[in-house]
Amino acid sequence: VQLVESGGGLVQAGGSLRLSCAVSGSSFSHNAMGWYRQAPGKERELVAVKSNGGSTYYSDSVKGRFTISRDDAKNTLYLQMNSLKPEDTAMYYCAACWYLGCSGPVDTWGQGTQVTVSS
């Protein structure tokens with residue numbers, strides 16, 4: 001499977017962005033798809049996950065502001081990000097996981113898309 005992210009960019013605080021992750025080579029065959037992010041000097045962290053069966057997970061830092069969704073017809077995973085804050089600035093990565101909730105090692109990573117939120 002190949003994952004290609006898009007939709008990142010520069011936005012002012014309070015603004016919105018929608019990230020997309022195009023999935024090719026396998027149509028959502030993994031048990032979970034998620035979004036991670038990594039800010040400079042920090043570890044990569046799990047932001048949101050959507051598992052087969054419909055369950056979702058959000059980190060406390062984005063809960064209520066971000067929404068993960070998928071379009072099976074378009075083989076695309078999305079992350080709608082609203083009320084963005086400067087602390088959301090990071091490289092965002094799409095991930096395909098065999099473990100439900102991405103609770104284990106990620107199987108495949110995308111190349112990342114940069115999100116920068118100015119104050």
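The protein has 0 helices and 11 strands in its secondary structure. From the N terminus on, the order of elements is β-β-β-β-β-β-β-β-β-β-β. The model is predicted.

**Overall form**

The chain has 119 residues, and a compact globule with that count would have a radius of gyration near 14 Å. The protein comes to 13 Å, which agrees. Along the principal axes, the C-alpha trace spans about 40 × 25 × 25 Å. Buried residues account for 45% of the 119 residues. Among contacts with a separation of 6 or more, 56% join residues 24 or more positions apart. The exposed surface is about 5800 Å². Carbon and sulfur atoms supply 49% of that surface.

**Salt bridges**

Side chains of opposite charge can pair when their charged atoms come close. Here the count is 5 salt bridges. Three of them are set out below.

| Acidic residue | Basic residue | Closest N and O atoms |
|---|---|---|
| Asp88 | Arg37 | 2.9 Å |
| Asp88 | Arg65 | 2.8 Å |
| Asp72 | Arg70 | 2.9 Å |

Asp88 appears in two of these rows, with Arg37 and with Arg65. Asp88 and Arg37 meet in a salt bridge. Asp88 lies in the loop between S8 and S9 and Arg37 in strand S4, so this pair ties together parts 51 residues apart in sequence. Asp88 also forms a salt bridge with Arg65. Arg65 sits in the loop between strand S6 (56-58) and S7, so its pairing with Asp88 ties together parts 23 residues apart in sequence.

Are these residues buried or exposed? Asp88 counts as buried because its relative accessibility is 1%. Arg37 is buried too, at 5%. Arg65 is buried at 10%. A network of salt bridges links Arg37, Glu45, Arg65 and Asp88.

The pair of Asp72 and Arg70 has another setting. Asp72 is partly exposed, with a relative accessible area of 47%. Arg70 is partly exposed as well, at 23%.

**Glu5, a buried charge**

Glu5 belongs to strand S1 (residues 2-6). Glu5 is buried yet has no salt bridge. Arg44 is the nearest side chain of opposite charge, 7.6 Å away. What does the side chain of Glu5 reach at 2.7 Å? The partner is the backbone nitrogen of Cys94. The backbone nitrogen of Gly112 also lies 2.9 Å from a polar atom of the Glu5 side chain. Leaving aside residues up to four places away in sequence, Glu5 touches several residues, including Ser20, Cys21, Trp35, Tyr92 and Thr113.

**Trp35, with no accessible area**

Trp35, one of the residues that Glu5 touches, is in strand S4 (residues 32-38). Its relative accessibility is 0%, so Trp35 counts as buried. A polar atom of the Trp35 side chain lies 3.2 Å from the backbone oxygen of Tyr78. Trp35 and Cys21 are 14 residues apart in sequence and 9.2 Å apart in space, C-alpha to C-alpha.

**Two positive phi values**

Most residues other than glycine have a negative phi. Which way does phi go at Asn75? Phi of Asn75 is positive, near 50°. Asn75 lies in the loop between strand S7 (66-71) and strand S8 (76-81). Asn75 counts as partly exposed because its relative accessibility is 22%.

Ser83 also has a positive phi, near 50°. Ser83 is in the loop between S8 and strand S9 (90-97). At 41% relative accessibility, Ser83 counts as partly exposed.

Definitions and conventions. Residues numbered from 1 in each chain as written. Predicted model: local features only at pLDDT ≥ 70, side-chain atom pairs only at ≥ 80, totals over all residues. Heavy atoms only, no water. Helix = DSSP H or I, 4+ residues; strand = E, 2+ residues; numbered from the N terminus. Buried < 20%, exposed > 50% of the residue type's maximum accessible area, 1.4 Å probe, protein only. Polar contact = N/O pair within 3.5 Å; in protein donor to acceptor, adjacent residues only side chain to side chain. Lys, Arg positive; Asp, Glu negative; His and termini not counted. Salt bridge = Lys/Arg side-chain N within 4 Å of Asp/Glu carboxyl O. Contact = heavy atoms within 4.5 Å. Rg over C-alpha atoms; globule rule 2.2 N^0.38 Å. Areas by Shrake-Rupley, 256 points an atom, 1.4 Å probe, with all protein chains shown as cover.
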